[in-house]
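Please load the model below in your viewer and keep the selection panel handy. We will walk through it one selection at a time.

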Amino acid sequence: GGGSGDGYYTAYPGNIVLGEPGNGKVTISNSTISNSAGYGVYIAGHDSTLIQDFVTFSGNEKGNIKSP
């Protein structure tokens with residue numbers, strides 16, 4: 001899973017990292033996000049947008065979504 005390495009992944013521990021170094025928008029549909037050593041989705045940008053449609057989370061060690 002994500003978030004288990006050094007450097008960038010240590011600072012932003014997630015399988016999916018959104019909005020760093022800027023801001024972003026992502027839509028995730030019909031997906032499973034699982035088994036991260038950190039978060040399933042790590043939202044780093046304050047103006048970032050995550051849209052979810054039929055998303056399942058499981059086994060993400062620190063939690064499913066981290067937002068600022």
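The tour goes from a sheet to a set of rings and then to a serine.

Before you click, note that this is a predicted model, in which local features need pLDDT of at least 70, side-chain atom pairs count only at pLDDT 80 or more, and totals for chains, interfaces and linings use all residues. Residues are numbered from 1 along each chain as its sequence is written, and side-chain values use heavy atoms, with hydrogens and water left out.

**Stop 1: the sheet**

Select residues 14-18, 39-43 and 63-66, which are β1, β3 and β5. Strands here are DSSP runs of E with at least two residues, numbered from the N terminus, and two of them pair if DSSP finds at least two bridges between them. You should see an open sheet of three strands in the order β1-β3-β5, with parallel pairing. β1 and β5 stand at the edges with a single partner strand each, so one side of each has no neighbour in the sheet. On average, neighbouring strands are turned by 10 degrees against each other, direction ignored; the axes behind that angle are lines fitted to C-alpha atoms.

Now zoom in on β3 and β5, which pair in the parallel sense over three bridges. Y39 stands opposite G63 in β5.

**Stop 2: the rings**

Show Y12, Y39 and Y42 as sticks: ring pairs link them into a cluster. Rings of Phe, Tyr and Trp (its six-membered ring) pair if their centres lie within 6.5 Å, and planes under 30 degrees apart count as stacked, over 60 as edge-to-face and the rest as tilted. By this rule there are two aromatic pairs. Y12 and Y42 have ring centres 5.7 Å apart and planes at 75 degrees, so this pair is edge-to-face. Y12 lies in the loop between α1 (8-11) and β1 while Y42 is in strand β3, so the pair ties together parts 30 residues apart in sequence. Y39 and Y42 are also edge-to-face, with 5.8 Å centre to centre and 65 degrees between the planes.

Next, colour by accessibility (buried is under 20% relative accessible area, exposed over 50%, partly exposed in between, with a 1.4 Å probe and protein chains only). Y42 is buried at 14%, and Y39 is buried at 16%.

**Stop 3: the serine**

Finally, select S48, in the loop between β3 and β4 (49-58). Is S48 buried or exposed? At 15% relative accessibility, S48 counts as buried. Leaving aside neighbours within four places in sequence, S48 is in contact (heavy atoms within 4.5 Å) with L18, G19, G22, N23, G24 and I43. Draw one last distance: a polar atom of the S48 side chain lies 3.2 Å from the backbone nitrogen of G24.

Methods. Helices (H or I, at least four residues) and strands (E, at least two) are DSSP runs, numbered from the N terminus. Axes are lines fitted to C-alpha atoms, for helices over the stretch in contact, and angles run from 0 to 180 degrees between N-to-C directions. A polar contact is a pair of N or O atoms within 3.5 Å; within protein, one must be able to donate a hydrogen and the other to accept it, and residues adjacent in sequence count only if both atoms are side-chain atoms.
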